[in-house]
Amino acid sequence: GGTGMVGDPSGRRAERPMLPAETVATNAAALRGQLSHFLDFGSGPTGAVMRDNAEWLAPMGLLEFLRDTGKHFTVNYMLQKESVKSRMEDGISFTEFAYMLVQAHDFAHLSQVAGCELQLGGSDQWGNITAGIELGSRCHGAKLHGLVMPLLTTASGAKFGKSEGGNVWLDPEKTSPYAFHQFWLQAEDADVERLLRFFTFLDLADIATIVAEHQADPGQRTAQRRLADDVTARVHGNDALERVKAAAAILFGVGALKETDAATLELVRREVPSHGTTSATLDAGIPIVDALIATGLATSKSEARRGLDAGGFSVNGATATAATIVTRVDVLSAGIVLLRKGKKNWAALQLEE
């Protein structure tokens with residue numbers, strides 16, 4: 001909540017956009033819900049504690065910060081840090097230049113009020129962490145420590161990360177469990193063994209067996225499936241994983257739509273283009289040709305009719321003909337009617353009332 005108002009230059013080629021205070025506060029609050037899948041925030045000595053650094057940063061005045069924190073660092077010291085040095089050619093704002101001191105202040109503060117001795121982070125945080133170690137030592141004589149881990153990259157050397165495009169989020173509202181599962185399924189063969197080691201708790205012997213089975217028949221993507229199932233279940237739960245698999249079966253043409261529950265169908269809806277409709281329209285009936293054009297599965301009536309004559313379109317899995325009328329009876333439990341062109345192109349009519 002505090003540092004999010006400033007912006008960390010580490011690993012960035014350009015200035016971060018400044019987020020509104022309301023957005024930063026919303027993001028900070030969302031983190032607890034995401035982390036609760038992995039950490040126990042219960043009371044007692046073993047419970048995890050989540051602190052928002054806005055609690056101590058927001059009330060602090062500029063002069064207080066400059067006097068108590070800024071005086072312990074020289075500009076030369078800060079310029080030596082890679083997060084700053086790498087940005088000097090293109091320029092760096094004073095806001096992001098000062099970020100290192102803000103994170104350093106956090107570490108020194110938490111060492112005093114919560115007995116925090118160790119800060120963990122990605123390797124791009126090394127400069128910020130060592131600045132905190134330095135500040136804690138100078139201000140309080142604290143002996144602090146840092147532990148950093150290599151940033152995750154693909155076999156080609158590209159960085160994984162929410163700022164690098166192709167974002168994958170833990171929040172199911174930002175990345176659906178289906179899309180999350182598909183992300184891991186699409187891991188490159190060259191990356192999948194390393195990802196299994198990083199992101200699962202499988203024994204190394206089990207991983208070796210999985211990889212050997214995968215290498216014997218790469219087309220089955222055995223390693224990717226195990227990776228996707230394991231990570232999705234840990235992040236979203238076993239129930240979500242089962243719904244993801246059921247949704248995938250539908251989208252790949254092997255699932256039964258009529259018996260599918262609303263939660264699974266909602267996953268399907270989120271992954272396909274949709275077009276809104278009303279109860280009155282469905283009561284009157286929508287000719288299939290019009291439905292195909294409205295959802296974008298056909299660009300013209302002539303194209304739609306040719307596809308229908310060839311048996312290339314379906315409604316809720318049943319082959320459609322030129323005489324098919326889509327009505328309220330066709331609405332599935334999630335308030336949608338699923339249309340398909342060929343084997344892979346889906347769209348939905350969504351009841352908006």
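**Entry 1: the sheet**

In what order do the strands of the open sheet lie, and is the pairing mixed or uniform? I looked this up in a model that is predicted. I found an open sheet of five strands in the order 3-9-8-5-6, and its pairing is mixed. I then noted the edges: strand 3 (274-277) and strand 6 (318-319) each pair on one side only.

I followed strand 3 to its partner. Strand 3 runs parallel to strand 9 (residues 345-351), and four bridges join the two. I recorded two of the partners in strand 9: Ser-274 has Ala-348 as its bridge partner, and Gly-276 has Gln-350.

On strand 9 I next looked up the pairing with strand 8, which is antiparallel over six bridges. Here I met Gln-350 again, since Ile-336 stands opposite Gln-350 in strand 9. Gln-350 is thus listed with Gly-276 and with Ile-336.

I also examined the connection. Strands 8 and 9 form a hairpin with three residues between them. In the turn I noted Gly-342, whose phi is positive at about 65 degrees.

**Entry 2: the helix across the sheet**

Which strands does helix 14 lie across? I found helix 14 (residues 262-271) lying across strand 3, strand 8 (336-341) and strand 9. Relative to strand 8, I noted that helix 14 runs at about 50 degrees.

**Entry 3: Phe-65**

Is Phe-65 buried or exposed? I located Phe-65 in helix 3 (residues 62-68). Its relative accessibility is 13%, and because the cut-off for buried is under 20%, Phe-65 counts as buried.

I then listed its contacts, leaving aside residues up to four places away in sequence: Phe-65 touches Met-60, Gly-70, Leu-101, Val-102 and His-105. For one of these, His-105, I looked up the separation as well. Phe-65 and His-105 are 40 residues apart along the chain, and their C-alpha atoms are separated by 8.8 Å.

**Entry 4: a nonpolar patch**

Which residues make the nonpolar surface patch? I recorded Leu-31, Leu-35, Phe-38, Leu-39 and Leu-170, with a patch area of about 390 Å². I checked Leu-170 separately and placed it in the loop between strand 2 (145-149) and helix 9 (177-185). Leu-170 is partly exposed, at a relative accessible area of 35%.

**Entry 5: salt bridges**

How many salt bridges does the structure hold? I found ten, and I looked up several of them.

The side chains of Arg-51 and Glu-55 meet in a salt bridge with an N to O distance of 3.4 Å. Arg-51 is partly exposed at 38% relative accessible area, and Glu-55 is partly exposed at 48%.

Asp-68 forms a salt bridge with Arg-67, with 2.8 Å between the closest N and O atoms. I noted Asp-68 as partly exposed, at 30% relative accessibility.

Asp-229 forms a salt bridge with Lys-245, and here the closest N and O atoms are 3.2 Å apart. This pair links distant parts of the chain, 16 residues apart: Asp-229 belongs to helix 12 (residues 222-236) and Lys-245 to helix 13 (residues 238-251). I compared the accessibility of the partners. Asp-229 counts as buried at 19% relative accessibility, whereas Lys-245 is partly exposed at 36%. The class of Asp-229 follows because its 19% falls under the 20% cut-off.

Notes: Residues numbered from 1 in each chain as written. Predicted model: local features only at pLDDT ≥ 70, side-chain atom pairs only at ≥ 80, totals over all residues. Heavy atoms only, no water. Pairing = 2+ DSSP bridges. Contact = heavy atoms within 4.5 Å. Axes fitted to C-alpha atoms, helices over the stretch in contact; angles between N-to-C directions. Buried < 20%, exposed > 50% of the residue type's maximum accessible area, 1.4 Å probe, protein only. Patch = residues over 30% accessible without salt bridge, like charges linked within 9 Å, V, L, I, M, F, W, Y side chains within 5 Å. Areas by Shrake-Rupley, 256 points an atom, 1.4 Å probe, with all protein chains shown as cover. Salt bridge = Lys/Arg side-chain N within 4 Å of Asp/Glu carboxyl O.
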